[in-house]
Amino acid sequence: YDEGPMIRAATSETWSASAHGSYLSFWTVDNTTTTQDERMRINHDGTVGIGTIPTNSSFYLDILGASGTAPRVRLKSQGSDDDQ
C-alpha cells in the first residue's frame, strides 16, 4: 500500500447475512517519506477519529494531537475572519 494517499473501505466484523459492519479510513504520506499513515477514520457507528482510531463511542469526534502537542481545532463563520 505504500503508493501515496488513499481512502480505504474495510470491514470491522466478519460479514454475514445480518452483519455488514465497516469503516472508512483516510491515509496520507508525509513529505520526504514513503510511509502511509492513517489520518482519519469514520467508524461503523458514525464516530470519527482524527489522528487516532475512535474506540470510545461516547465521543462522536476524537482528536489526538501530535506527540507533545495539544490538538488544535479552529471553527470559523463563513465570510468571517473571526475564530469561534
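Trainee: Which side-chain polar atom lies 2.3 Å from the backbone oxygen of Gly-4?
Mentor: One that belongs to Gln-36. This is a predicted model, so that distance is a computed value.

Trainee: Where does Gln-36 sit, and is the residue buried or exposed?
Mentor: Gln-36 belongs to strand 3, residues 36-42. Gln-36 is buried, because its relative accessible area of 9% is under 20%.

Trainee: What sheet do the strands form, and in what order?
Mentor: An open sheet of five strands, ordered 1-2-3-4-5, with mixed pairing. Strand 1 (6-11) and strand 5 (61-63) are the edges, each pairing on one side only. On average, neighbouring strands are turned by 25° against each other, direction ignored.

Trainee: How many bridges join strand 2 to strand 3?
Mentor: Six, and the two strands run antiparallel. Strand 2 covers residues 22-29. Thr-28 has Asp-37 of strand 3 as its bridge partner, and Ser-25 stands opposite Arg-41.

Trainee: What about the hairpin between those two?
Mentor: Six residues lie between strand 2 and strand 3, and Thr-32 takes a positive phi near 60° in that hairpin.

Trainee: And on the other side, how do strand 3 and strand 4 pair?
Mentor: In the antiparallel sense, over three bridges. Arg-41 turns up again here, with Gly-49 as its bridge partner in strand 4. The hairpin has five residues between the strands, and Gly-46 in the turn has a positive phi of about 90°.

Trainee: Which residue makes a side-chain polar contact with Asp-45?
Mentor: Thr-47, at 2.7 Å. Thr-47 is in the loop between strand 3 and strand 4.

Trainee: Why does Thr-47 count as buried?
Mentor: Because its relative accessibility is 3%, and buried means under 20%.

Trainee: Switching to charges: how many salt bridges are there?
Mentor: Three. Arg-39 forms one with Asp-30, where the closest N and O atoms are 2.6 Å apart. Asp-37 forms another with Arg-39, at 3.4 Å between the closest N and O atoms. Asp-30, Asp-37 and Arg-39 are thereby linked in a network.

Trainee: Are the members of that network buried or partly exposed?
Mentor: Partly exposed: the relative accessibility is 31% for Arg-39, 40% for Asp-30 and 27% for Asp-37. Asp-37 is also the residue that bridges to Thr-28 in the strand pairing.

Trainee: Which residue meets Glu-38 in a salt bridge?
Mentor: Arg-41, with an N to O distance of 2.8 Å.

Trainee: Is each of those two buried or partly exposed?
Mentor: Arg-41 is buried, with a relative accessible area of 13%, whereas Glu-38 is partly exposed at 22%. The cut-off falls between them, because buried means under 20%.

Trainee: So what have we got on Arg-41 altogether?
Mentor: Arg-41 stands opposite Ser-25, has Gly-49 as a bridge partner, and forms a salt bridge with Glu-38 through its side chain.

Trainee: Last topic, the surface. Which residues form a nonpolar patch there?
Mentor: Ile-50, Tyr-60 and Leu-61, with about 340 Å² of accessible area together.

Trainee: Where is Ile-50 in the fold, and what is its relative accessible area?
Mentor: Ile-50 lies in strand 4, residues 48-50. Its relative accessible area is 34%, so Ile-50 is partly exposed.

How values were computed: Residues numbered from 1 in each chain as written. Predicted model: local features only at pLDDT ≥ 70, side-chain atom pairs only at ≥ 80, totals over all residues. Heavy atoms only, no water. Patch = residues over 30% accessible without salt bridge, like charges linked within 9 Å, V, L, I, M, F, W, Y side chains within 5 Å. Areas by Shrake-Rupley, 256 points an atom, 1.4 Å probe, with all protein chains shown as cover. Salt bridge = Lys/Arg side-chain N within 4 Å of Asp/Glu carboxyl O. Helix = DSSP H or I, 4+ residues; strand = E, 2+ residues; numbered from the N terminus. Buried < 20%, exposed > 50% of the residue type's maximum accessible area, 1.4 Å probe, protein only. Polar contact = N/O pair within 3.5 Å; in protein donor to acceptor, adjacent residues only side chain to side chain. Pairing = 2+ DSSP bridges. Axes fitted to C-alpha atoms, helices over the stretch in contact; angles between N-to-C directions.
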